[in-house]
Amino acid sequence: MKKLAIRKLFTPIQVGPMQLEHRVAMAPLTRSRSVQPGNIPGNLMLEYYSQRASDGGLIVSEATSISISGGGWFGAPGLYSDEQVAGWERITNAVHAKRGYMFSQLWHTGRASHVDSTNGTTPVSSSVNPEYWQDPTIKESTPHGWQQPSPHRALDIREIPSIVEDYRGAAERAKAAGFDGVELHAGNGYLPDQFLQDGINKRTDMYGGSFENRSRFLLQVVEALVSVWGGNRVAVRIAPSGTWNGVSDSNPIALFDYVAKQLNRFGLAYLHIIEPRIKGNVLIAEGQGHIATARLRKVFTGKIIAAGGFEPDTAEAAVQEGDADLVAFGRHFVANPDLPKRIRLGLPLNAYDRDTFYTFDAHGYTDYPFYEQRSESLASTL
Ligand SMILES: Cc1cc2nc3c(=O)[nH]c(=O)nc-3n(C[C@H](O)[C@H](O)[C@H](O)COP(=O)(O)O)c2cc1C
C-alpha cells in the first residue's frame with residue numbers, strides 16, 4: 001500500500017487562543033518522576049518537557065493531582081501546593097521559550113488509589129464496587145510498590161461541591177504556574193468517568209441514573225474550570241467505550257454522544273478523545289480505525305484531538321479526512337523527544353521501552369536520543 005504523504009499534520013491551526021504551527025500533540029503521560037516528598041516537578045521533569053517542546057506544538061502535561069486525597073499514583077506531580085506551582089512554572093517557561101504551548105491535565109483518581117498515596121484518606125468514588133479492589137489484576141503505584149487499590153467509599157452528596165472546589169483551586173494554580181489552559185481528565189476510569197459510566201455508578205440521587213444525572217459531576221467540574229480560565233482555555237479528555245480501570249457502560253455510544261453534545265455549550269479549546277482500541281497504554285484492537293473520533297465529530301462542534309494507537313500515516317489520514325483537528329501521540333512521544341520533526345521529515349522512530357514507563361530516574365525518560373544525536377553516535381562508531 002502506498003504511504004500517505006504527511007502534509008496536513010504540519011499546517012497551522014488555531015486552538016482556543018493558541019496559534020499552533022502543527023497538529024502533532026503530546027498526549028498526557030504519567031511518568032512518576034516528581035520529586036519526593038511533596039510531588040514537586042523538579043529538574044528531571046524540566047529537562048523531559050523541554051526536550052519535547054516544539055515551535056507551535058501543544059503538550060498536555062502528565063495527569064496532575066488536584067489534591068492529596070485525589071492522588072493515586074506514586075510520583076505523580078500535584079497542583080495543590082506553592083512548591084508545585086513554582087516547579088511547574090519553570091517547566092511552562094521552558095516550553096514557552098521554545099515557542100510551544102502547554103495544558104495541565106487535572107486528575108482525581110477516585111477509587112483508583114491506595115491509602116499509602118493519600119495520607120491515609122479512604123479513596124472515594126460515585127458508588128462502592130468491592131470487585132474493583134478485590135481484582136488482583138488491578139494495581140496502583142504506591143510509595144511501597146505496586147499494590148491492589150484500597151477499599152473505597154461512595155461520596156456523600158454533600159461532599160461533592162468540595163471536590164469541585166479542589167478542581168477549581170488546581171485550575172487557579174495552573175494559571176499561576178503559567179500554563180496555557182487546563183484539560184480535565186475524564187477518561188480511563190478516573191473520578192469523572194466513575195460518575196459517567198453505569199458499570200460503576202449505581203447512585204440513586206441526582207448524580208446517578210440518567211445520562212443527565214451521571215454527567216452532572218463532569219459538567220459541574222467543567223463549569224468550575226471555565227469560571228477560572230474561560231471556555232477557550234479549558235479542554236476535556238474522554239475515553240468513549242474505554243475499558244481501562246474496570247469501567248463499563250450499558251450504552252456507551254449514546255452516553256458519550258450525550259456528553260459531547262453537552263460540552264458544546266462551553267466553547268472549549270478542544271475535546272480530546274481516546275480511541276477504544278487502546279486500553280490504558282496497550283493496543284487491544286489491532287486494525288480498528290478511529291471510530292470514536294469519527295462518531296463524535298458529528299456531535300461535537302469544537303476542535304477535536306484524537307488519540308490512541310495512531311501512527312504517523314493514520315494520524316495524517318484522520319486529519320485529512322476531517323475527523324480530527326490534531327492527533328496526540330503517547331508512546332511515540334515517550335521514546336522520541338523530537339517526534340514532530342521525525343514525523344515531518346519521515347525519519348525513523350525510536351522504540352519505547354515499557355519497563356521504564358513508571359520508573360523514577362533519567363533512564364527511559366530523558367535519555368532517548370534526538371535524531372541528530374543518534375546519527376552522530378552512529379557516525380562515531382563507523
Ligand atoms: C506511560 C504512559 C502514561 C500515561 N499516562 C496518562 C495520563 O497521565 N493521562 C492520560 O489521560 N492518559 C495517559 N496515558 C494514555 C496516553 O495519553 C494515550 O492515550 C495512550 O498512550 C494511547 O496513545 P498512543 O497509542 O499514542 O500511545 C498514558 C500512557 C502511557 C504509555
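The following dialogue examines how several labels are justified in a predicted model.

Trainee: Why is serine 127 called buried?

Mentor: Buried means under 20% relative accessible area. Serine 127 has 7% relative accessibility, so it counts as buried. Its place is in the loop between β6 (124–125) and α3 (130–134).

Trainee: What makes the approach of serine 127 to lysine 202 a polar contact?

Mentor: A polar contact requires a pair of N or O atoms within 3.5 Å. The backbone nitrogen of lysine 202 lies 2.8 Å from a polar atom of the side chain of serine 127, and that value falls within the 3.5 Å limit.

Trainee: Why is asparagine 119 called exposed?

Mentor: The word exposed applies over 50%. Asparagine 119 has 68% relative accessibility and therefore counts as exposed. This residue lies in the loop between β5 (101–107) and β6.

Trainee: What is notable about the phi of asparagine 119?

Mentor: Asparagine 119 has a positive phi of about 60 degrees, although it is not a glycine. Most residues other than glycine have a negative phi. Asparagine 39 also has a positive value, with phi near 55 degrees, and it lies in the loop between β3 and α1.

Trainee: Which peptide bond is called cis, and what is its omega?

Mentor: The bond from glutamine 36 to proline 37 is cis, with omega near -5 degrees. Most peptide bonds are trans. Proline 37 is placed in the loop between β3 (24–26) and α1 (43–52).

Trainee: Which residues are closest to the centre of the second largest pocket, and how much space lies in it?

Mentor: About 260 Å³ of space lies in the second largest pocket. Of the 18 residues that line this pocket, Gln36, Asn39, Tyr80, Asp116 and Ser117 are the closest to its centre. The lining divides into six nonpolar, eleven polar and one charged residue.

Trainee: How many cavities of 30 Å³ or more does the structure hold, and what makes a space a cavity?

Mentor: A cavity is a set of points where a 1.4 Å probe fits but cannot get out, whereas a pocket is an open set. The structure holds one cavity of 30 Å³ or more. The largest cavity has about 30 Å³ of space. Its lining includes Asn188, Trp244, Glu275 and Lys279. By class, that lining has four nonpolar, four polar and two charged residues.

Trainee: How do you know that threonine 30 makes a polar contact with the ligand?

Mentor: The limit for such a pair of N or O atoms is 3.5 Å. An N or O atom in the side chain of threonine 30 is 2.6 Å from an oxygen atom of the ligand, and this distance is within the limit. The side chain of arginine 237 has an N or O atom 2.7 Å from a ligand oxygen. For arginine 331, the distance between a side-chain N or O atom and a ligand oxygen is 2.7 Å. The protein covers 96% of the 610 Å² of accessible area that the ligand has on its own.

Trainee: Which residues come nearest to the ligand, and how is the shell composed?

Mentor: Of the 19 residues around the ligand, Thr30, Arg237, Gly309, Gly330 and Arg331 come nearest. The shell has eight nonpolar, nine polar and two charged residues.

Trainee: Why is serine 241 called neither buried nor exposed?

Mentor: Buried means under 20%, exposed means over 50%, and partly exposed is in between. Serine 241 has a relative accessible area of 30%, so it is partly exposed. Its place is in the loop between β11 (234–238) and α7 (252–263). The C-alpha atoms of serine 241 and phenylalanine 256 are separated by 8.4 Å, with the two residues 15 apart along the chain.

Trainee: How do you know that histidine 185 and phenylalanine 329 are buried?

Mentor: The cut-off is again under 20%. Histidine 185, in strand β10 (residues 181–185), has 5% relative accessibility and therefore counts as buried. Phenylalanine 329, in strand β16 (residues 326–329), has 2% relative accessibility and so also counts as buried.

Trainee: How far from these two residues, C-alpha to C-alpha, are histidine 272 and alanine 25?

Mentor: Histidine 185 and histidine 272 are 87 residues apart in sequence and 9.4 Å apart in space. Phenylalanine 329 and alanine 25 are 304 residues apart in sequence and 6.4 Å apart in space.

Note on methods:
Residues are numbered from 1 along each chain as its sequence is written. This is a predicted model: local features need pLDDT of at least 70, side-chain atom pairs count only at pLDDT 80 or more; totals for chains, interfaces and linings use all residues. Side-chain values use heavy atoms; hydrogens and water are left out. On a 1 Å grid over the protein atoms alone, a cavity is a set of points where a 1.4 Å probe fits but cannot get out, and a pocket is an open set with protein on both sides within 12 Å along at least five of seven lines; lining residues have an atom within 4 Å of a point. Grid points are joined across faces, edges and corners, and a volume is the space filled by probe spheres set on the points. Ala, Val, Leu, Ile, Met, Phe, Trp, Tyr, Cys and Pro count as nonpolar, Asp, Glu, Lys and Arg as charged, and the others, Gly among them, as polar. A residue is near a molecule or strand if one of its heavy atoms lies within 4 Å of it. A polar contact is a pair of N or O atoms within 3.5 Å; within protein, one must be able to donate a hydrogen and the other to accept it, and residues adjacent in sequence count only if both atoms are side-chain atoms. Accessible areas come from the Shrake-Rupley method with a 1.4 Å probe; for residues, only the protein chains shown count as cover. Helices (H or I, at least four residues) and strands (E, at least two) are DSSP runs, numbered from the N terminus. Buried means under 20% relative accessible area, exposed over 50%, partly exposed in between (1.4 Å probe, protein chains only).
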